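Visitor: I would like a close look at a single part of this model. Please take one helix and walk me through its surroundings.

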Amino acid sequence: MNTVLLKIKHEFIKALPPTLFFFVILHIVAAIRALMIKGTGVPLPVTASVLIASLVLGKSVLVADMLPFINRFPEKPLIWNVTWKTLMYALVALCVHYLERLYEYWKEAPSLMDANSMLWTSMNWPRFWAVQILLITLIFMYCVISELARVIGHDRLRKMFLGPLPPGLGSDRSAE
C-alpha cells in the first residue's frame, strides 16, 4: 500500500509544474478572449473549467513526453526538441481550440456538419488566430523551460530561478 501512495505522490509531483503552467496560461488566454469579445454575449470559461483543462493538459504533456516520437532529438541542440515539441503541442492546441468552438455551435445546430458550416461562416478568424498565436507562444515558452530542466536538471533550474530552499523544506539532491 505504501508503494502505491509513493507512486501517486511521485506522479502528482511530476504533473504539478505543467498543470500549474497551463492553469496560469489558460487564465491569461481566457482574460484576453474576454477583453476581445466584451459585449458580444459569448460565455467565457470559468476557473473550474480552466482548472479541469489544465489538469488534463498537464497530464497529457507527461504522457506525450513518454512517446518516442515526441522526444525526437535529445542529443541535438535544444532548439530541435523545443521546435519539434512546440509544433506537436501547437497542432493539438489548434485542434482543441477549433473543437471547443465547434462544440458551442453544435449545441444549437441540428447536426455536426451544420455546426461546422455555421462555424466556418461566422467565425471571427482574426480573433481565432490571435488566440492561437498566443497559445503557440506560451507553449513555446513551456517547451524551452521543460527542455532546459531536462538537460540541466529540475533542482538546478529551480535554484537558478528561485534560489536555494531554506533547510528542511525539500530535497536538495543537486547540491554542489
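Guide: What follows is a tour of helix H5, with a short look at the whole chain before it and at one loop after it. Keep in mind that the model is predicted.

Start with the whole chain. Its secondary structure comes to six helices and zero strands. Along the sequence the pattern reads α-α-α-α-α-α. The chain has 176 residues, and 28% of them count as buried. Take the contacts between residues at least 6 apart in sequence: 58% of these join residues at least 24 apart.

Now to the helix itself. H5 spans residues 125-152 and packs with helix H1, residues 2-36. The angle between the two is about 160°, and their axes lie 11 Å apart. An angle over 145 degrees counts as roughly antiparallel, so H1 and H5 are roughly antiparallel to each other. Their crossing is right-handed.

Which residues meet there? From H1 come Pro 18, Phe 21, Ile 25, Val 29, Ile 32, Arg 33 and Met 36. From H5 come Arg 127, Ala 130, Val 131, Leu 134, Leu 135, Leu 138, Met 141 and Tyr 142. By class, the residues of this contact divide into 13 nonpolar, two charged and no polar.

Two other residues of H5 deserve a stop. The first stop is Gln 132, found in H5. Is Gln 132 buried or exposed? Its relative accessible area is 2%. Buried means under 20%, so Gln 132 is buried. Setting aside residues up to four places away in sequence, Gln 132 touches Ala 90, Ala 93, Leu 94 and His 97.

The second stop is Glu 147, also placed in H5. Glu 147 has a relative accessible area of 0% and is therefore buried. What is Glu 147 in contact with, leaving aside its neighbours within four places in sequence? The partners are Asn 71, Leu 78, Asn 81, Val 82 and Lys 85.

For a contrast, step off the helix to Lys 107. This residue lies in the loop between helix H3 (78-106) and helix H4 (112-122). Lys 107 has 52% relative accessibility, and the cut-off for exposed is over 50%. Lys 107 therefore counts as exposed. Its side chain still has a partner: a polar contact of 3.3 Å joins it to the side chain of Glu 104.

To recap the helix: H5 packs roughly antiparallel to H1, while Gln 132 is buried and so is Glu 147.

Technical notes
Residues numbered from 1 in each chain as written. Predicted model: local features only at pLDDT ≥ 70, side-chain atom pairs only at ≥ 80, totals over all residues. Heavy atoms only, no water. Helix = DSSP H or I, 4+ residues; strand = E, 2+ residues; numbered from the N terminus. Buried < 20%, exposed > 50% of the residue type's maximum accessible area, 1.4 Å probe, protein only. Polar contact = N/O pair within 3.5 Å; in protein donor to acceptor, adjacent residues only side chain to side chain. Axes fitted to C-alpha atoms, helices over the stretch in contact; angles between N-to-C directions. Parallel < 35°, antiparallel > 145°, perpendicular 65-115°, else oblique. Left-handed = near helix turned anticlockwise from the far one by under 90°. Contact = heavy atoms within 4.5 Å. Nonpolar A, V, L, I, M, F, W, Y, C, P; charged D, E, K, R; others polar.
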